[in-house]
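Work through the exercises below with the coordinates open. Try each task before reading its solution.

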Amino acid sequence: DDVHGWDFLSWDADPSDDVGHGTHVAGTIAAVANNAIGVAGVAPGVKIMPLKITNANGVAYLHNSIFALVDALLYGADISNHSYGGYFYSPDMAYVIQVADAFGHLVVAAASNEGSNNDGSPVYPASYPSANVISVAAVDSSGSLASFSNYGASSVDVAAPGVGILSTTLGGGYGTKDGTSMAAPHVAGVAALLKSAIPGLSPSTIRQALIDSAQPNPQLV
């Protein structure tokens, strides 16, 4: 009975968005194209599984994120977008991510928004070392690293647009948001397109293809 996803806070089948963050992220991935309305998602034909882990204040709980990833695996999701992060390393989450790799599941994670170096101060889930995790920084319209974006020569894999991103909002409208939370779904959408074109691709192969095909940017070196 979780046709519409699941709310891991209330533990029911109503994952309605409280603050608009997930709605904005989902629009970047999957908003309908060619309807002359609003925006088009990167992968407009993709199926979305909304799994709610944050409260009305936008606070995510680690155990909920673990439950949500397990649920995504059990119901056959190929890719999960994680537009959240924290500095606490969880062996349990690390283990579930490794299991996800065995399930053929790619984890796309925002690098976070403190303007710091993840090489020295890891942010999770973006910094879990599994081969099925791709960490995403944010760039502005000029291609420069966004002032808020975390970075890391060895811990951050790619960057995507994350400043002034127009996407879907609560109530059916459209608005802009900034953040690596907005950058990650661009990458998740491209990953979904790759997976749809070549269903047999492994998570590590998709991750490496995204890294190898990214446009080199000397401002990010």
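**Exercise 1. Classify A36 by accessibility and find its place in the chain.**

A36 has a relative accessible area of 85%, so it counts as exposed. The cut-offs are under 20% for buried, over 50% for exposed and partly exposed in between, with a 1.4 Å probe and protein chains only. A36 sits in the loop between helix 1 and strand 2. Its phi is near 60°, a positive value in a residue other than glycine. Helices (H or I, at least four residues) and strands (E, at least two) are DSSP runs, numbered from the N terminus.

Two notes on the model apply throughout. Residues are numbered from 1 along each chain as its sequence is written, and side-chain values use heavy atoms, without hydrogens and water. The model is predicted: local features need pLDDT of at least 70, side-chain atom pairs count only at pLDDT 80 or more, and totals for chains, interfaces and linings use all residues.

**Exercise 2. Examine the loop between strand 4 and strand 5: S112, N118 and P125.**

Step 1. S112 lies in this loop. S112 has a positive phi of about 95°, although it is not a glycine. Its relative accessible area is 11%, so S112 is buried.

Step 2. N118 belongs to the loop as well, between strand 4 (106-110) and strand 5 (133-139). N118 counts as buried because its relative accessibility is 1%.

Step 3. List the partners of N118. Contact means heavy atoms within 4.5 Å. Leaving aside neighbours within four places in sequence, N118 is in contact with A111, V123, S127, N150, Y151, S155 and V156.

Step 4. Look for polar atoms. A polar contact is a pair of N or O atoms within 3.5 Å; within protein, one must be able to donate a hydrogen and the other to accept it, and residues adjacent in sequence count only if both atoms are side-chain atoms. The side chains of N118 and N150 make such a contact at 2.8 Å. A polar atom of the N118 side chain also lies 3.0 Å from the backbone oxygen of A111.

Step 5. P125 lies in the loop too. The peptide bond from Y124 to P125 is cis, with omega near 15°.

**Exercise 3. Describe the surroundings of K52.**

Start with the element: K52 lies in strand 2 (residues 51-52). K52 counts as buried because its relative accessibility is 13%. Not counting residues up to four places away in sequence, K52 touches W6, D7, F8, L9, P15, S16 and D18. With D18, the contact is polar: side chain to side chain, 2.8 Å. Finally, check N64, 12 residues from K52 along the chain: their C-alpha atoms are separated by 8.1 Å.

**Exercise 4. How do helix 2 and helix 3 pack?**

Step 1. The axes of helix 2 (residues 62-74) and helix 3 (residues 91-102) come within 10 Å and cross at roughly 15°. That makes helix 2 roughly parallel to helix 3, the class for angles under 35 degrees.

Step 2. From helix 2, L62, S65, I66, L69, V70 and L73 meet D92, M93, V96, I97, V99 and A100 of helix 3. By class, this contact has 10 nonpolar, 1 polar and 1 charged residues. Ala, Val, Leu, Ile, Met, Phe, Trp, Tyr, Cys and Pro count as nonpolar, Asp, Glu, Lys and Arg as charged, and the others, Gly among them, as polar.

**Exercise 5. Which residues of helix 1 are buried, and what do they pack against?**

In helix 1 (residues 21-30), the buried residues are H24, V25, G27, T28, I29 and A30. They pack against strand 3 (79-82), strand 7 (165-168), strand 8 (174-177) and helix 4 (180-197).

Terms used: Axes fitted to C-alpha atoms, helices over the stretch in contact; angles between N-to-C directions. Parallel < 35°, antiparallel > 145°, perpendicular 65-115°, else oblique.
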